[in-house]
Amino acid sequence: MKNLTAVSRLLRRSSRSLFDRRSNLTFLGAFCSSSSGLSYKSLQTCEQFTQDDCFHKKVMSKRIYFLRGYGVGIQSNGLRTHHRSLASIASTPERNKSFATINSDDISYFKKVLGERGVIQDEEKLDDANTDWMRKYKGSSKLMLQPRSTQEVSQILDYCNSRCLAVVPQGGNTGLVGGSIPVYDEVIINIGSMNNILSFDKVSGILVCEAGCILENLISFLDNEGYIMPLDLGAKGSCQIGGNVSTNAGGLRLLRYGSLHGSVLGLEVVLANGTVLDMLGTLRKDNTGYDLKHLFIGSEGSLGIVTKVSILTPPKLSSVNVAFLACEDYLSCQKILLEAKRKLGEILSAFEFLDINAMDLVLKQLDGLRDPLPSSKHNFYVLIETTGSMESHDKEKLEAFLVQAIESGLLTDGVVAQDINQASSFWRIREGVPEALLKAGATYKYDLSLPPEKMYDLVEEMRGRLGAAANVVAYGHLGDGNLHLNISTQQYDDNILSKIEPFVYEWTSKQRGSISAEHGVGLMKASKIHYSKSAETVQTMAAIKKVLDHNGILNPYKVLPTSVLSESGGQEPKKES
């Protein structure tokens with residue numbers, strides 16, 4: 001009888017207004033009404049909305065003002081690193097003495113190629129370009145170039161390579177690991193002016209565009225065509241597709257549509273010496289030779305600059321359902337995931353989790369949010385989203401799944417969104433964790449890939465190591481095996497850091513996990529890549545880097561340890577034993 005009562009409450013209850021708009025006027029729901037349930041709509045504006053540590057912003061200056069003043073920085077040569085929200089203090093390598101410095105002849109050449117408008121020396125504009133959105137990293141570049149075509153990018157790199165001028169490719173500058181920020185005085189090449197949609201095939205759903213297209217603009221364009229991007233990020237109002245590809249960005253739709261390695265059909269890339277690689281295919285099948293585009297997806301601009309992208313986009317589906325559920329233990333969360341894959345099958349589009357520490361933090365730090373399940377506290381929470389084309393079919397599958405889950409004891413409580421506002425408020429809880437952490441104090445952030453059954457073991461061990469000295473908060477994409485581990489403290493403390501690192505990397509390595517699930521390596525984790533990749537693999541990466549960028553001018557000091565790059569010297573990598 002108890003289970004039947006719970007089932008009835010779950011399926012019939014219409015949750016109260018969980019989102020107080022008076023306190024959150026800047027947040028607009030990412031859903032819109034349709035004749036068959038809920039459907040996605042581009043997020044219009046959200047000045048404090050966060051998704052996986054990324055702020056969704058249209059106006060960069062507002063984002064910077066919001067974050068200005070947070071964190072105590074330490075000056076280390078050309079790079080300024082802020083402790084707040086920093087997973088670990090990146091060890092800044094020495095400036096490569098073989099790199100030249102900008103002179104007046106260089107400026108004259110670039111103005112000849114780009115014109116006056118494409119050569120930026122204004123200090124205020126450079127200050128924004130030299131600083132990441134979290135104010136963690138700050139370079140000292142004196143020059144930003146804004147090419148408008150692949151040919152101009154080619155001319156820039158050809159010249160920089162001949163002069164041995166280091167460069168940093170930059171798009172929307174929404175990264176989390178310092179990958180798009182100069183470490184010293186590298187020339188910034190911003191591709192934001194290359195923002196044209198070149199073609200769209202309404203039958204195949206294949207989109208071809210320039211790398212500077214803002215993700216949200218592509219989403220809006222496709223929405224009008226009856227399609228969606230396979231990628232959805234909180235930073236979509238600022239991030240650009242070239243940067244998304246270069247970092248192999250993950251996001252909320254990875255469970256349903258996979259990574260960009262599967263969605264990207266072709267690329268156009270400019271190498272360090274100015275050579276243009278035309279790999280801009282639009283074919284689903286092409287087995288002629290090596291599929292070189294995969295070298296550049298996720299290489300963070302260290303092998304070449306992406307200038308055009310061909311991507312397969314899925315059709316827009318009209319029916320969306322969102323459920324916010326509670327579990328007693330982490331094992332139940334895992335079992336719910338397994339059952340969701342079996343019972344919901346093709347309509348399962350998102351499976352997110354957060355623990356009680358994350359839930360409590362969000363409710364405490366963010367105004368206007370209310371607990372969707374206020375009757376009691378729960379150890380774990382799960383957000384499930386389904387996306388399909390038939391409302392009645394989708395609801396029937398979801399309800400049958402939830403009934404079975406409650407009757408079997410896997411769920412202790414739950415609620416299904418009855419309208420747009422409730423669906424938005426459920427997502428706001430999950431997406432609000434990074435913002436809540438920012439407000440709570442200093443945060444050590446770790447973005448890890450682990451076997452799902454092992455993910456929470458790390459959280460519990462970390463709590464045992466730190467005790468009452470820190471609040472260990474866990475959330476993430478359980479469906480993808482991606483844990484966002486956050487250690488929240490009042491202020492930065494070397495003693496706490498020493499208990500976290502290198503333990504967190506060693507633990508992840510023992511599980512054959514990844515120290516960077518979706519945020520990239522950048523400068524922050526370049527010296528730690530050996531925790532996820534063997535020495536032979538890293539040496540092979542360095543050898544590839546040496547072939548494609550012999551002088552090492554592309555995004556130096558990032559992705560790979562400088563020690564490995566200096567040792568490679570073009571030598572053949574050792575064979576694995």
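In this predicted model, strand β13 (residues 264-270) is joined to β14 by four bridges, and the two strands run antiparallel. Within this pairing, V270 has V276 of β14 as its bridge partner. The hairpin that β13 and β14 form has five residues between the strands, and one residue of the hairpin, G274, takes a positive phi near 95 degrees.

## The five-stranded sheet

The hairpin belongs to a wider arrangement. Five strands form an open sheet in the order β11-β12-β15-β13-β14, with antiparallel pairing. Which strands stand at the edges of this sheet? They are β11 (197-201) and β14 (276-279), each of which pairs on one side only. On average, neighbouring strands of the sheet are turned by 10 degrees against each other, direction ignored. As a general rule, side chains in a regular strand alternate between the two faces of the sheet.

A helix accompanies the β11 end of this sheet. Helix α6 (residues 215-225) lies across β11 and β12 (206-210), and it runs at about 30 degrees to β11. A salt bridge also ties α6 to this region: E225 pairs with K202, and the closest N and O atoms are 3.4 Å apart. The pair links distant parts of the chain, since E225 is in helix α6 whereas K202 is in the loop between β11 and β12, 23 residues apart. E225 counts as partly exposed because its relative accessibility is 26%. K202, by contrast, has a relative accessible area of 56% and is therefore exposed.

## The chain as a whole

The chain contains 20 helices and 22 strands. Of its 577 residues, 58% count as buried. Among contacts between residues at least 6 apart in sequence, 75% join residues at least 24 apart.

## Strand β17 and its partners

Another part of the structure centres on strand β17 (348-355). Eight of the eight residues of β17 are buried, so the strand is largely enclosed by the rest of the structure. Seven bridges join β17 to β18, and these strands run antiparallel. In this pairing, A350 stands opposite E385 in β18. β17 is also joined to β21 by two bridges, again in an antiparallel manner. Here the bridge partner of L354 is Y475 in β21.

## Helix α12

Helix α12 comprises residues 356-365, and its buried residues are A358, M359, L361, V362 and Q365. Why do these buried residues line one face of the helix? Seen down the axis of α12, they fall within an arc of 165 degrees, so they line one face. The buried residues pack against several elements, namely the strands β16 (319-327), β17 (348-355), β18 (380-388) and β21 (471-477), together with the helices α14 (420-431) and α15 (433-440). Strands β17, β18 and β21, described above, are thus among the elements against which α12 packs. The N-terminal end of α12 is capped by D355, which has a side-chain oxygen 3.2 Å from the backbone nitrogen of N357.

## Salt bridges

Side chains of opposite charge can pair when their charged atoms come close. A search of the whole structure finds 20 salt bridges. The table presents some of them.

| Salt bridge | N to O distance |
|---|---|
| E152 and R117 | 3.9 Å |
| E225 and K202 | 3.4 Å |
| K395 and E391 | 3.1 Å |

How many residues apart in the chain are E152 and R117? They are 35 residues apart and link distant parts of the chain: E152 is in helix α5 (residues 150-163), and R117 is in the loop between α3 (104-114) and β7 (119-120). E152 counts as buried because its relative accessibility is 12%, under the 20% cut-off for burial. R117 has a relative accessibility of 33% and therefore counts as partly exposed.

The pair K395 and E391 is arranged in another way. Both residues lie in helix α13 (residues 391-407), four residues apart, which is about one turn of the helix. K395 has a relative accessible area of 34% and is therefore partly exposed. E391, at 24% relative accessibility, also counts as partly exposed. Elsewhere, E339, R342 and K343 are joined into one network by salt bridges that share partners.

Definitions and conventions. Residues are numbered from 1 along each chain as its sequence is written. This is a predicted model: local features need pLDDT of at least 70, side-chain atom pairs count only at pLDDT 80 or more; totals for chains, interfaces and linings use all residues. Side-chain values use heavy atoms; hydrogens and water are left out. Buried means under 20% relative accessible area, exposed over 50%, partly exposed in between (1.4 Å probe, protein chains only). The arc is that of the directions from the helix axis to the C-beta atoms. Contact means heavy atoms within 4.5 Å. A polar contact is a pair of N or O atoms within 3.5 Å; within protein, one must be able to donate a hydrogen and the other to accept it, and residues adjacent in sequence count only if both atoms are side-chain atoms. Two strands pair if DSSP finds at least two bridges between them. Axes are lines fitted to C-alpha atoms, for helices over the stretch in contact, and angles run from 0 to 180 degrees between N-to-C directions. A salt bridge is a side-chain nitrogen of Lys or Arg within 4 Å of a carboxyl oxygen of Asp or Glu.
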